[in-house]
Amino acid sequence: WWRRQFDGQFRVVLLFNTSQKMLGVSLALCAGLFAAQASVCAKIAMATEEAAATCQVLVYQVSSLLEWEQGAGSLAICELILTYFRIICFGLVFVFNAVMWVFFTKALRLCKSSVEATVTNTAANFFFSPPTFASAGCSGQSSIP
């Protein structure tokens, strides 16, 4: 199944090309996951009402746990937190997309055909999008009555 080869350094060479193909498919799956994460970050960065409502609930819960009085300062804290959080998520969109393209181009190189890498990447993106959107609290429907 494998043999050892010595060219000044020790390395293991696989005799079958299937491991390289599986690596290409795995890289395409990872690219799809990073694409889904980029879309979650974009949704969070651009969703203002849902994020503001979530922040107000969190500030209310934390202040009630710590027995602080709630006042107009909680809105200012929420706006400050949301501003920084949205900036971070906006930056993460570009980071996740850059990492996705690195994985996708390596998958294109290692897969048998570009169609295999593209279909795997797209399927992984669709597969990972609903769970990540649900965990981010972005179901598309407002939970505020």
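## Overall composition

Of the 145 residues in the protein, buried residues make up 26%. The model described here is predicted. The area that the protein exposes is about 10,300 Å², and carbon and sulfur atoms supply 67% of that area.

The secondary structure consists of 4 helices and 2 strands. Along the sequence these elements follow the pattern β-β-α-α-α-α. Among contacts with a separation of 6 or more, 70% are made by residues 24 or more positions apart.

## The nonpolar cores

In soluble globular proteins, nonpolar side chains tend to be buried together. The largest nonpolar core in this model has 11 residues: Val-25, Leu-27, Ala-28, Ala-31, Ala-35, Met-100, Phe-104, Ala-107, Leu-110, Cys-111 and Ala-117. At least two residues of this core come from helix H1 (18–46), and at least two from helix H3 (73–110). H1 provides the largest share, with 5 residues.

A second core, separate from the one above, comprises 8 residues, including Ala-38, Val-40, Ala-45 and Cys-89.

Ala-35, a member of the largest core, is in contact with Met-100 and Asn-125 when neighbours within four places in sequence are left aside. Met-100 likewise belongs to the largest core.

## Ser-129 and its surroundings

Ser-129 is located in helix H4, which spans residues 114–135. This residue counts as buried because its relative accessibility is 12%, and the limit for a buried residue is under 20%. A polar atom of the Ser-129 side chain lies 2.6 Å from the backbone oxygen of Asn-125.

Apart from neighbours within four places in sequence, Ser-129 is in contact with Ala-36 and Ser-39. The C-alpha atoms of Ser-129 and Ala-35 are 8.6 Å apart, although the two residues are 94 residues apart in sequence. Asn-125 appears twice in this region: its backbone oxygen faces the Ser-129 side chain at 2.6 Å, and Ala-35 is in contact with Asn-125.

## Other positions in helix H4

Glu-116 also has its place in helix H4. With a relative accessibility of 18%, under the 20% limit, Glu-116 therefore counts as buried. A polar atom of its side chain lies 3.2 Å from the backbone nitrogen of Lys-112. Beyond four places in sequence, Glu-116 is in contact with Lys-21, Val-25 and Cys-111. Of these partners, Val-25 and Cys-111 are members of the largest nonpolar core.

Ala-123 is another residue of helix H4. Its relative accessibility is 44%, so Ala-123 counts as partly exposed, the class between 20% and 50%. The C-alpha atoms of Ala-123 and Gly-32 are separated by 7.3 Å, and the two residues are 91 residues apart in sequence.

## Leu-29 in helix H1

Leu-29 belongs to helix H1. Its relative accessible area of 39% makes Leu-29 partly exposed, because this value falls between the 20% and 50% limits. Leaving out residues up to four places away in sequence, Leu-29 touches Thr-120, Ala-124 and Phe-128.

A further distance relates Leu-29 to the residue Met-100 of the largest core. The C-alpha atoms of Leu-29 and Met-100 are 9.8 Å apart, and the residues are 71 residues apart along the chain.

## A nonpolar patch on the surface

Met-46, Phe-90 and Phe-94 form a nonpolar patch on the surface. Together these residues have about 350 Å² of accessible area. Phe-94 lies in helix H3. Phe-94 is classed as exposed because its relative accessible area is 53%, over the 50% limit.

Conventions. Residues are numbered from 1 along each chain as its sequence is written. This is a predicted model: local features need pLDDT of at least 70, side-chain atom pairs count only at pLDDT 80 or more; totals for chains, interfaces and linings use all residues. Side-chain values use heavy atoms; hydrogens and water are left out. Buried means under 20% relative accessible area, exposed over 50%, partly exposed in between (1.4 Å probe, protein chains only). A polar contact is a pair of N or O atoms within 3.5 Å; within protein, one must be able to donate a hydrogen and the other to accept it, and residues adjacent in sequence count only if both atoms are side-chain atoms. Contact means heavy atoms within 4.5 Å. A nonpolar core is a set of buried Ala, Val, Leu, Ile, Met, Phe, Trp, Tyr and Cys residues joined through side-chain atoms within 4.5 Å. Patches are made of residues with over 30% relative accessible area and no salt bridge: like charges are joined within 9 Å, nonpolar side chains (Val, Leu, Ile, Met, Phe, Trp, Tyr) within 5 Å. Accessible areas come from the Shrake-Rupley method with a 1.4 Å probe; for residues, only the protein chains shown count as cover. A salt bridge is a side-chain nitrogen of Lys or Arg within 4 Å of a carboxyl oxygen of Asp or Glu.
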